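Thank you all for making the time this morning. I would like to walk you through one structure, going from strand pairing to helix packing and then to the ligand.

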Amino acid sequence: MSRVLVQTELETFPSLAWSDVASQMSPQPRTAIEQAMEAQNGGVLSREKCLLLANAEGDDLLGLLVAANALRSELAGNIVTYVVNRNINFTNICFVGCKFCAFSRGPRESDTYFLSPGQVAHKATEAWELGATEVCIQGGLPHGLDPFYYRDILRAVKRAVPEMHIHAFSPMEIVYGVELTGMSLTDYLAILRDNGLGTLPGTAAEILDDDVRFVLSRNKLTTEQWKQVVRTAHRCGIRSTSTLMYGHIETPEHWVNQLLLLREIQHETGGFTEFVPLGFVHQNTLLFHQGLARSGPTLAEHLKIHALARIILAGAINNIQVSWVKLNRRLSQLCLHAGANDYGGTLMEENISREAGATAGQYTSPEDFQALILEAGRIPAERNTTYSKINLKLPSQELIAEQTFEPEFA
Ligand code: SF4
């Protein structure tokens, strides 16, 4: 049985080279990794080999992390991208009842809110004036929503800020919109596209396995529906991100199944812009308090999922994003060394709230992003949503040379 890596080994792996770890690894995972690295493509790996990597521990896990970092360097270079955006959650009222969600409220709770399309547009305008190029719009699902509310949000935002990229509506919201309007999925997506929808968040995926979904959220869209929405959106010219929520009741086999499914969809449509592993935040969730899930991912799991994604998705989805909102500063930097090349969005929402007097919340400014990326020894670059425009935020060469990665875990 493999030894379990201690925290310092996990924190210091970025200082290792492949030649340091390869000879310590078991033959099968080592061969699998070498195959993928040589081809620069995870498509060469059988499901069995992927499972072997997903279950890697000890020196095999160190090898996986180091190899993912090397493959990232080959496929994405030293640049770490981010997008300047604002998150707009238009309501917290939701009937779905996902057990992992601490955000939603019942309609009669005291702290509910609901934004009109005009109010959403106002927030988008504020964001544009502060330099955002994207608004990410999602929310709860209230009963009795105006059937064309999602379309009306798009119209209002585009009228106010025509150049803003609108990244909006999870596949769950798309299914709800179809139900509310009685339209076909293709027609519904087409009206959203024609009214300004740029891309879809590939959220509401969690784990794409109906047995797991039944425990997490029995009212949510099924695996089949998620795949259908995403495939149809891609065919309508609406690209999307792809996600996976880890650290709850799922197993490494679920990770592999999902990564292989995403590879397959990407092969068919080419519509995914990136893959975003989302760590389960367990505090304040029914899923944890009812004893149904573990208490979020371990450090090893955080690193492993980013590395595994880099290897398995290589050649299909080459942007692996760190969801910094769910990780602390050092852990998010460490994930950049485990295969990730994108830092996601600055999520301006909380900045504006803070400016309005709120003291809580999470916000990282573009300058903070740049500093975090430089501190990790990489080059920051602002991108647009689809990665078609990348604007390097280059410090002096001297500054780049001075950056060193100093593992230190809170
Ligand atoms: S659908 Fe979204 S807002 Fe509603 S409970 Fe689930 S995760 Fe929360």
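Let me begin with a question you can check on the screen: which residue in β3 does N85 stand opposite? The residue is E134, and I should say at once that we are looking at a predicted model. That pair belongs to a longer register, since 5 bridges join β2 to strand β3, residues 134-138, and the two run parallel.

From there we can widen the view to the sheet that holds this pair, an open sheet of 6 strands in the order β2-β3-β4-β5-β6-β7, with parallel pairing. Because β2, residues 85-89, and β7, residues 272-279, each have a single partner strand, they stand at the edges, and one side of each is left without a neighbour in the sheet. On average, and ignoring direction, neighbouring strands of this sheet are turned by 25° against each other.

Further along the order, strand β4, residues 165-168, and strand β5, residues 197-200, run parallel and are joined by 2 bridges, and the bridge partner of H167 in β5 is T199. T199 is worth a second glance, as it also stands opposite R239 in β6, where again 2 bridges join β5 to strand β6, residues 239-246, in a parallel arrangement.

Now to the other sheet, in which 4 strands form an open arrangement in the order β8-β1-β9-β10, this time with mixed pairing. Here the edges are β8, residues 342-345, and β10, residues 390-392, each with a single partner strand, so that one side of each has no neighbour in the sheet. Neighbouring strands in this sheet are turned by 25° against each other on average, again with direction ignored. Strand β1, residues 79-83, runs parallel to strand β9, residues 379-383, and 4 bridges join them; within that pair, V80 stands opposite P380. Helix α15, residues 329-336, lies across β1 and β8, and runs at about 130° to β8.

Turning to the helices, α5 covers residues 58-76, and its 19 residues reach 27 Å from the first C-alpha to the last, close to the 27 Å expected at 1.5 Å a residue. Just after α5 comes G77, which takes a positive phi of about 70°.

A helix pair that I would like you to look at is α8, residues 171-181, and α9, residues 185-194, which pack at an angle of about 105° with their axes 10 Å apart. Since angles of 65 to 115 degrees count as roughly perpendicular, that is how α8 stands to α9. From α8 the contact draws on I174, G177, V178 and T181, and from α9 on L185, Y188, L189 and L192. Sorted by class, these contact residues comprise 6 nonpolar and 2 polar, with no charged residue.

Finally, what surrounds the ligand? The residues are C94, V96, G97, C98, F100, C101, S104, G140 and K220, and by class this shell has 5 nonpolar, 3 polar and 1 charged residues.

I will stop there and take your questions.

Methods:
Residues numbered from 1 in each chain as written. Predicted model: local features only at pLDDT ≥ 70, side-chain atom pairs only at ≥ 80, totals over all residues. Heavy atoms only, no water. Pairing = 2+ DSSP bridges. Axes fitted to C-alpha atoms, helices over the stretch in contact; angles between N-to-C directions. Contact = heavy atoms within 4.5 Å. Parallel < 35°, antiparallel > 145°, perpendicular 65-115°, else oblique. Nonpolar A, V, L, I, M, F, W, Y, C, P; charged D, E, K, R; others polar. Near = heavy atom within 4 Å. Expected span 1.5 Å × (residues − 1).
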